[in-house]
Amino acid sequence: METTPSTNTPAPKTMLPPLIGDSDHIFIASIRNDPTAHSPTPVLASNEREVMNAITEIGKQYSGIFINSKLSTPYALPLIKLAIENRPATPLYYLLDDAGFPFSEEELKNLAIRKILRKPLSYTEIKKLSIETSLAFDVDRALEIAKSNKDQLGQELTSQDADYIPIIAENFLSGSSSF
């Protein structure tokens, strides 16, 4: 049984692959040749078009989307926007080659980027982030809770606005607290 690197807890049963978009062929080769890159096998994209195709591919799911800032102009913003529009619940990570960062903390929060990662970076580190994200949502527990639902099928439910707590969507997508 595979375990997470830091906590030695069981890894999720069905680990989704990460999508890694980077035009640095040496970095892509290092990820591809990493001994741990088989469980799960990452989806690698080396140009803007490949990342766009992977993000918009119907039926494909990712544990996280890792986009290099130099993959498209300006600062991979078109790819970030595409990822947010097509994969709103998938964690988004920003890969940097050098020390320069073009955004403020507030802009980063508004972009719904979960974390900035500086290269060099190993697949083990990427996989660790992916596992931590997967462990945050316990599918089996959610299904158990859903089984206790007594709502009738085919019947419209009614509720009042006061029954809901509003949250700021950008905070929900970026994983930070709305309160």
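This passage describes strand 4, its strand neighbours and a helix pair in a predicted model.

Strand 4 spans residues 92-96. The strand is mostly covered, with five of its five residues buried. Burial extends to both faces. On one side lie L92, Y94 and L96. On the other lie Y93 and L95.

Strand 4 pairs with strand 3, which comprises residues 65-68. The two strands run parallel and are joined by four bridges. Within this pairing, N68 has L95 of strand 4 as its bridge partner. The connection from strand 3 to strand 4 passes through helix 3, residues 77-86. This β-α-β crossover is right-handed.

Strand 4 also pairs with strand 5, formed by residues 115-118. Four bridges link these strands, again in the parallel sense. Here L96 is partnered by R118 of strand 5. Both L95 and L96, the bridge partners named in strand 4, are buried.

Helix 3 also packs against another helix. Two packed helices are described by the angle between their axes and the distance between the axes. The axes of helix 2, residues 48-56, and helix 3 come within 9 Å. They cross at roughly 10 degrees. Angles under 35 degrees count as roughly parallel, and helix 2 and helix 3 are therefore roughly parallel to each other. Helix 2 contributes E48, V51, M52, I55 and T56 to the contact. Helix 3 contributes P78, L79, L82, A83 and N86. By class, the contact has seven nonpolar, two polar and one charged residues.

Technical notes: Residues are numbered from 1 along each chain as its sequence is written. This is a predicted model: local features need pLDDT of at least 70, side-chain atom pairs count only at pLDDT 80 or more; totals for chains, interfaces and linings use all residues. Side-chain values use heavy atoms; hydrogens and water are left out. Buried means under 20% relative accessible area, exposed over 50%, partly exposed in between (1.4 Å probe, protein chains only). Two strands pair if DSSP finds at least two bridges between them. A crossover is right-handed if, with the strands pointing away from the viewer, the path from the first strand over the helix to the second runs clockwise. Axes are lines fitted to C-alpha atoms, for helices over the stretch in contact, and angles run from 0 to 180 degrees between N-to-C directions. Angles under 35 degrees count as roughly parallel, over 145 as roughly antiparallel, 65 to 115 as roughly perpendicular and the rest as oblique. Contact means heavy atoms within 4.5 Å. Ala, Val, Leu, Ile, Met, Phe, Trp, Tyr, Cys and Pro count as nonpolar, Asp, Glu, Lys and Arg as charged, and the others, Gly among them, as polar.
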